[in-house]
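Q: Could you take a close look at the cysteines here, and then walk me through the ring contacts and helix packing around the rest of the chain?

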Amino acid sequence: MEEVCEGKDFSFPKQEEKILQYWSNIKAFETQLSLTEHLPEYVFYDGPPFATGLPHYGHILAGTIKDIITRYQSMTGHHVTRRFGWDCHGLPVENEIDKRLNITRREQVLEMGIGKYNEECRSIVTRYVEDWEKIITRTGRWIDFRNDYKTMDLKFMESVWWVFAQIYKKDLVYKGFKVMPFSTGCKTPLSNFEANQDYRDVPDPEVMVAFPIIGDSDEASFVAWTTTPWTLPSHLALCVNANLTYLKVRGKYTKKVYVVAESRLSALPNDKPRESLPNGSVKKEAVDKSYEVLQKMSGASLVGAKYEPPFDYFKELTDVAFRVVADDYVTDDSGTGIVHCAPSFGEDDYRVCLENNVISKGETLIVAVDEDGCFTEKITDFSKRYVKDADKDIIDALKRKGRLVKSGTYMHSYPHCPRSKTPLIQRAVPSWFIRVELLKEKLLENNKQTYWVPDFVKEKRFHNWLENARDWAVSRSRFWGTPLPVWISEDGEERVIMESIEMLEKLSGVKVFDLHRHNIDHITVPSSRGPQFGVLRRIDDVFDCWFESGSMPYAYIHYPFENVELFEKNFPGNFVAEGLDQTRGWFYTLMVLSTALFEKPAFQNLICNGLVLAEDGKKMSKSLKNYPPPTDVIDQYGADAVRLYLINSPVVRAEPLRFKKEGVYGVVKDVFLPWYNAYRFLVQNAKRLEVEGFAPFVPIDQATLQESSNVLDQWINSATQSLVYFVRQEMNGYRLYTVVPYLLKFLDNLTNIYVRCNRKRLKGRTGEEDCRVALSTLYNVLLVSCKAMAPLTPFFTEVLFQNMRKVSNAVEESIHHCSFPEAEGKRDERIEQSVSRMMTIIDLARNIRERHNKPLKTPLREMVIVHPDLDFLDDIAGKLKEYVLEELNVRSLIPCNDTLKYASLRAEPDFSVLGKRLGKHMGVVAKEVKAMSQESILAFEKSGEVTLSGHCLKLTDIKVVRDFKRPDGAIETEVDATGDGDVLVILDLRPDESLFDAGVAREIINRIQKLRKKSALEPTDLVEVYFDSLDKEDKDKAVSQRILQSQGQYIKDAIGSPLLPASVMPSHAVLVGEESFHGISGISFDIKLARPALVFNSDAIVALYSGNSEFSRCLQTYLLSRDHGNLKTEFQQGNGKITVDCIENVPVVTLVLRQHVYLTVGEFFCRTNSL
């Protein structure tokens, strides 16, 4: 393995750029596809985005989810075709062209020509394709852009035709009028799911209008309320609720007589002159006091009553219209209890008027507002006026006619077009519909067959949407889209639905090369009834682009014209993923079309993500600039960090995420840097073996490592197998939100437990063989965890793999060509649980130290661990003991399983858990929980449950609190404790002189380590450390001397070499760092770091030259000029001897290590002091 730089010098973004280039060079994605092409197919449907804008965090999030799942499936034995797709048709594209060409009316398109207009649309569809590819590729997503699909491609459009033709054959298509949300800005109806995307609080005029009852003896008028005055010119009926009570009332002042619902009398304006009070204020009387009740009647009795309409634009319908009808949709919670009906502009209005024969079914309905939202010539007084602009003049006209009862402004939530941002209106439009309502039961059944994450979106939001599904208007009166394949004769009697290009060419005799309107609208088909019936022409409409995207599972592979076996073997598809908004969009249209075609769901598994919002909780907005551009964040922190930040957030559970750039940095700091440092620690210590003259590092095989006797090796090997088992289980369940936290906890344990507690072994302080076992264990764990993390963080895992594979027999060029790890080793749940508890104990003990200002450098005499589990106590007092004592700097550990010896127990109910479940019984149960005795609490902990007041409570329902019982005579500053669940940790904090030397030694080690770092030394850099007391008093110098003697071995184990007195440092030693320290635990000293220096046995060397001291001096000068590392290697290769024959005029001699020369001062010092 090659050496690696420090974490602070490692640039994640730059490394990712290198990996992108590497993947490109070796064709990593293409190779993965070819390596898996013989494996079972895993079908993934990628919902097509519009390419008219650049990708945002929502796209990156959905793309990351898709990439993680498909990478995982590839690594677990599947062939996963991933083709990018583009939504090319529809309003987003037409909107852009309309703005560019300043088109505001439909006629302008017809004047310039549909062909020219459509080609303008085609020209901008792929405008951002290169940008998309660059950004999506930079995020690490592997998907095929070269073999992409576009909804405007001929083959895709032909399959869309086939889909429609099959549904038509099943009698699931009809043409009719339907009142729909209509965008006057885009001049087209919208689907219900589009209309629900942009609601805004807006003020609208509200009016109460009088409708004089014909033939009423009191000259009464019905009063209706509306917030859409512009619909009154098209008024045809009034609707009441047959079950409500209505009143006929006369104003005490104006004498006007009105009919309203009894419960809505208060909505009428006050009918009494306002009296001025002496102080100038106005006295206002209650409305019901200003009207006299003339008659009370039922709603049913009003049905059939005739009245005068507010306008006479539809007087030709007087025989059937302008009468009262009844329906339950009329309520008494607003308005007057009487609703004005304009069937062209209200869904319920249309239904009620149709059911009551005010209008008839068919295509005869007069819609007096055009596609631009302007009145037609039918409404003579307001012709060509935009309806919303005409509201004020309509109200003035009502006032002049004496029909205005009341007017004002009403603030309410109103839908707007998500594209043009204009207010939507309800408008009857002729359209082609799919009978979704007939499919409802099958849709609900198919939904049950699918698996969603999270499931509440399926069970609630999506289920409810299907439950209330309406027939789907799939046609649009637009230009740029897939044309409906419907040819109709001039008399309307003959209809042909084209299901293929071949069929159109055969029937028309015309060669077809493109299916857009301008290339097929001219094509006619001779009538099958004979020449006298003329020809069939195509209708003008195009498909709603949602119909196209819903056809994607068939159209993207040109089914059924190609890939029949591929489709039929693999339908429904395995996986789809998009945002929450697609429950009423793509997920819905996929389900409707697959149910209509095959009575099956389109997909098996689905992940639904939430919305990514700006940090302020608002929608991300380019104009507001309330979010950092994705490319900027990736360039600063790397794509892996962005991916992990998004995936490890509520957004994967279909909840909103407030995107914070600091959160991405947090992932780098808390995840990637510790992970990198663990990897760097492995590389450094593997290289150290070579530096110290041992054989290069080669990892020991996994089977041998499983037999390691070291408890932390056993633990991390078991934890690694648990990781693999868990990740496989959860990834197979598509639960990314459980996978990421588990992976992150594993990496945290790897760095903060295994590496931290095994530093001596990994640095070779416990012998070469043990060092190789520890390094091999760390290597294997890092390799397995990299493979497990590869789908989530494809770049960083590739960086590590490329270096680590150099010491293994791996044949894969990329980590993404590897198989996902199998759970094949031994899992030891007991040791995993014991180590987990050990870390809890360490954390609790650190908390006690912090509370009492006892830093870890201060040794403590004793700790007691209280726990009821004897197996755990055996582990903690046995094989885990050394790690606990070293981490906490405590001299002894006492286990205790008598839970009442040091603590009293009390039980507390967990209100957050029990409150919802127990409801009104919570108080009684809480009282019994708090009254539990010590014995009953112990029995509860042992059995895991207890029944109180008829309710069975589990361990998660009750918190057992352990209150520490301090030993007699001890105070808090001497003995203290803290607990968590069933464990209690007690520390003896009393000072002990016998611990003083160890505490000072730890301080000295700490200063040496900091000086090494300050001197920019790598862990593999060998130096010798010299200590020089700076104390003036002899007694203080004696303290230093005592510490060096009593703690010498401890210091040597910690720093890897003996701590040498400054007096033995040779004059030729090369100094690399020096610092003086004062008042450290009462002593002052100077630390010097020097390169390893040779020490000569001058007498022995002189003897080699028969007493010639000049030869001896020349030899020493020569040896000092040599590279220390090379010299060390020569002695190792010569089994402790080297021959020197290269010094001119000096005899050849053979030097023996440790007889004539020592390679380090430490070696010489230790040898001479031990003699």
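A: Take Cys545: the closest cysteine sulfur belongs to Cys88 and is 11 Å away, which is too far for a bond. A disulfide would need the two sulfur atoms within 2.5 Å. Cys545 also counts as buried, at 9% relative accessibility. Keep in mind that this is a predicted model.

Cys239 has its closest cysteine sulfur in Cys341, at 5.0 Å, and that is still too far for a bond. Cys239 is buried too, with a relative accessibility of 0%. For the structure as a whole, the disulfide count is 0.

On to the aromatic rings. Searching the whole structure turns up 62 aromatic pairs. One of them is Tyr149 with Phe156: the ring centres are 5.7 Å apart and the planes sit at 5 degrees, so this pair is stacked. Planes under 30 degrees apart are what earns that label. Both partners are tucked away from the surface: Tyr149 is buried at 3% relative accessibility, and Phe156 is buried at 2%.

Now compare that with Trp225 and Tyr410. Here the ring centres are 5.4 Å apart and the planes stand at 85 degrees, so the pair is edge-to-face. Trp225 belongs to strand S6 (residues 221-226) and Tyr410 to strand S15 (residues 404-415), so this contact ties together parts that are 185 residues apart in sequence. Neither ring counts as buried: Trp225 is partly exposed at 21% relative accessible area, and Tyr410 is partly exposed at 31%.

Rings also gather in a bigger group than a pair. Phe10, Phe12, Phe672, Trp675, Tyr676, Tyr679 and Phe796 are joined into a cluster by ring pairs.

Charged side chains get in on the act as well. Lys378 lies over the face of Phe314, 4.9 Å from the ring centre. In a second case, Arg427 has its charged end over the ring of Phe182, at 4.7 Å from the centre of that ring.

That leaves the helices. Helix H25 (residues 736-757) and helix H27 (residues 768-789) have axes that come within 11 Å and cross at roughly 165 degrees. That angle makes H25 roughly antiparallel to H27, since anything over 145 degrees counts that way. The crossing of H25 past H27 is left-handed.

H27 has another packing partner in helix H28 (residues 794-804): the axes are 9 Å apart, and the angle between them is about 140 degrees. H27 and H28 are therefore oblique to each other. H27 passes H28 in a left-handed crossing.

One last residue for your list is Leu1011, found in helix H35 (residues 996-1014). Leu1011 is buried, at 3% relative accessibility. Measuring from C-alpha to C-alpha, Leu1011 is 30 Å from Val773 in space, and the two are 238 residues apart in sequence.

Technical notes. Residues numbered from 1 in each chain as written. Predicted model: local features only at pLDDT ≥ 70, side-chain atom pairs only at ≥ 80, totals over all residues. Heavy atoms only, no water. Phe/Tyr/Trp six-rings, centres within 6.5 Å; stacked < 30°, edge-to-face > 60°. Buried < 20%, exposed > 50% of the residue type's maximum accessible area, 1.4 Å probe, protein only. Helix = DSSP H or I, 4+ residues; strand = E, 2+ residues; numbered from the N terminus. Lys NZ or Arg CZ within 6 Å of the ring centre and 35° of its normal. Axes fitted to C-alpha atoms, helices over the stretch in contact; angles between N-to-C directions. Parallel < 35°, antiparallel > 145°, perpendicular 65-115°, else oblique. Left-handed = near helix turned anticlockwise from the far one by under 90°.
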